[in-house]
Amino acid sequence: MPASLCVVPDSIFAGTSRQPSIHEVEARVKTHEWVNGQYRLLVLAAPASVLDCEPGQFFHLLCPQTDRFQPYLRRPMSIYSYDQMKGELAFLYKVTGTGTGAMAELKPGESLNIVGPLGQGFEIRPEWRRPLLVARGVGLATLAPLARECAQLGRPLTAICSARSPDLLMSTDLFRSCGAEVITVTDTDGTSSVENLTALIEGLIHSRGIDAFFTCGSARLLRMLQEIAARHGIGGQAALEQHMACGIGMCQACVRPFRREDGAATLRVCREGPVFDLQEVL
Amino acid sequence: MVDLTTKIGTLTLKNPIMPASGTFSEELAEVFDLDCLGAHVAKTITRAKRAGNPVPRVCEVNGAMLNSIGIPSKGAEWFLKNIVPFYADYEAPLVISISANTADEFAHFAEEVGVPGVAAIEVNISCPNIEDDGKAFAMRPGPTRDVIRKMRSATDLPLWAKLSPNTGEVVEVAQAAEAAGADALVTANTMLAMAIDSRTGRVRLGNVMGGLSGPALKPIALRMTYQCARAVAIPVIGCGGISTVDDVLEYLIAGARAVQIGTATFISPTTMPRLVRELEQELERRVLPSVDALIGTVDNADEAITLAEYA
């Protein structure tokens, strides 16, 4: 059977229980601050129904209509943190275009319509005892919940955080608070090149016994990790981004090609992802 | 108690709200109970597997979406085995949507998909006809008549012809579909459009052109619904830019017996259950006993003048 015939997982048929697992709700803005010159942290008061999340999942946000920006479609955004006890859901995002520009104008007390949680999150397999997180830019936000999960599971963690300049390095305090060994690299001090990182990671494999890679935020880093992982027989996962319309799996807009055992498969980033096996990503 | 039921030929729907093909799938069952809908309309399938178009497959323009998804299809066999049984758990009738390259292929395909669990076939004749220089069947009455007639002889299932706004012969195409044996019309599919990034000069869809949908399409599809409802005796199902209960009312008043909700589900996945609830409340507020009481009640006393001005 051709690969494309097998891509829809059986889990889609679990809907017959008639219990919603994806919710469209209004969430109230608690705080909304700039964390540096480009990124903002949005903290929402969210109902418990949407806070049963997994690291790597995302929400689909209905960004507001403002004087400057009138986005029409929702915008997918990976979860920065979720806390059932506090009833909080947070997003760390870069203000770049129409959607995030509109979102940046949200004020505390205002409401934001959110749909989620969506997609397949990270899986920390039992045999992955010594994970390495490698992220760049906004990918650092996506990996933050994974760092917390690793801490809860008692997995010693190393995180390599890459950014254009030191002021754009985010989540480093959060990674440290999860007990992670944090290594920062930047373009401005010339430490973020593939050559430099390859040597650094090869060293960590030997010195720390790294046995799993998790990554997000850079196609260049992803390809580098695929090569290193293949050389050393290390498994891992990558979280991807793609233009989306529905975010739920209906529209087929966010597809990408993936490598599967029986050939190439076209999969939906919103549904079969956004987290995929490291080596499946083409 | 308001009677929300509506009849589309031999099918009685418990309410007039159903999804538009291509904007609905099993995944929506994870958001709400799909049995609140009048019908389920599946995404268009082709008989053979199809890959679909290159990305980007969607983009937004002011108040609307453009898409060029390209009917990716896992093929008929996969669909009948995996998707049709999913909907068997629901009371709402399943309408499947099919596409093919020629009238004969449409007819053979219609015969094949007539399995238990399928209540009606929506015929996506807005797709290119490879025997007519790639023009969509629904652009002209001749190819529309030919494809519906051949399908009519191939299946006993109700046939819903989904018309295209990309034609100057709306009424003629509608009448051709009716004459050839269509049981209902769906007005309409998306309108051919394009968008360019003025900064980079690049087209914004991988397939260059795509279909416009969303609120910007509504006045056009509403006009088609009105034109068709007056020109044919078979039921017309309105589709295009519906996101509020007022939009639903407009289509019903224009003559639609039911409506399909498409792009609005992407903006708010709970749109359809909300519209069912709000339609009931609105009919109660207007002290109307049924959906039927509203259908085709448009006040068009000044139409002669309007048409004269348009001409």
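The domain bounds used on this tour come from an automatic or database domain assignment. With that in hand, welcome to a predicted model.

**Stop 1: chain A, domain by domain**

Select residues 3–118 of chain A and colour them as domain 1, then give residues 131–280 of chain A another colour as domain 2. If you place a marker at the C-alpha centre of each of these two domains of chain A, the markers will sit 21 Å apart.

**Stop 2: where the two domains meet**

Now look at the contact between them: 26 residues of domain 1 of chain A touch 26 residues of domain 2 of chain A. Which elements of domain 1 of chain A give two or more residues to the side that touches domain 2 of chain A? Select β3 (58–62), β4 (75–78), β5 (81–83), β6 (88–94) and β7 (111–118) of chain A, and you have them. Pause on β6(A), which gives the most to this side, with 3 residues. Colour that side of domain 1 by residue class and you should find 16 nonpolar, 8 polar and 2 charged residues.

**Stop 3: chain A as a whole**

Zoom out and switch to a cartoon view. Chain A shows 5 helices and 15 strands. Its radius of gyration is 19 Å, close to the 19 Å that the globule rule gives for 282 residues, so chain A is as compact as a globular protein of that length. Draw a box along the principal axes, and the C-alpha atoms of chain A fill roughly 50 × 50 × 35 Å. Of the 282 residues in this chain, 47% count as buried. A contact map is worth opening here too: taking contacts in chain A between residues at least 6 apart in sequence, 66% join residues at least 24 apart.

**Stop 4: over to chain B**

Hide chain A and select chain B, where the cartoon has 9 helices and 14 strands. The radius of gyration of chain B is 19 Å, close to the 19 Å from the globule rule for 311 residues, so this chain is as compact as a globular protein of that length. Along the principal axes, the C-alpha atoms of chain B fill a box of roughly 50 × 45 × 40 Å. Colour by burial, and 53% of the 311 residues in chain B come up as buried. On the contact map of chain B, 68% of the contacts between residues at least 6 apart in sequence join residues at least 24 apart.

**Stop 5: the contact between the chains**

Bring chain A back for the last view. How many residues does each chain give to the contact? Chain A supplies 31 residues and chain B supplies 36 residues. On the side of chain A that touches chain B, select by class to see 18 nonpolar, 9 polar and 4 charged residues.

Technical notes:
Residues are numbered from 1 along each chain as its sequence is written. Chains are lettered from A and ligands numbered from 1 in the order in which they are written. This is a predicted model: local features need pLDDT of at least 70, side-chain atom pairs count only at pLDDT 80 or more; totals for chains, interfaces and linings use all residues. Two residues are in contact if their C-beta atoms, placed from the backbone, lie within 7 Å. Ala, Val, Leu, Ile, Met, Phe, Trp, Tyr, Cys and Pro count as nonpolar, Asp, Glu, Lys and Arg as charged, and the others, Gly among them, as polar. Helices (H or I, at least four residues) and strands (E, at least two) are DSSP runs, numbered from the N terminus. The radius of gyration is taken over C-alpha atoms; the globule rule is 2.2 Å times the number of residues to the power 0.38. A residue is buried if 20 or more other C-beta atoms lie within 10 Å of its own, exposed if 12 or fewer, and partly exposed in between; C-beta atoms are placed from the backbone.
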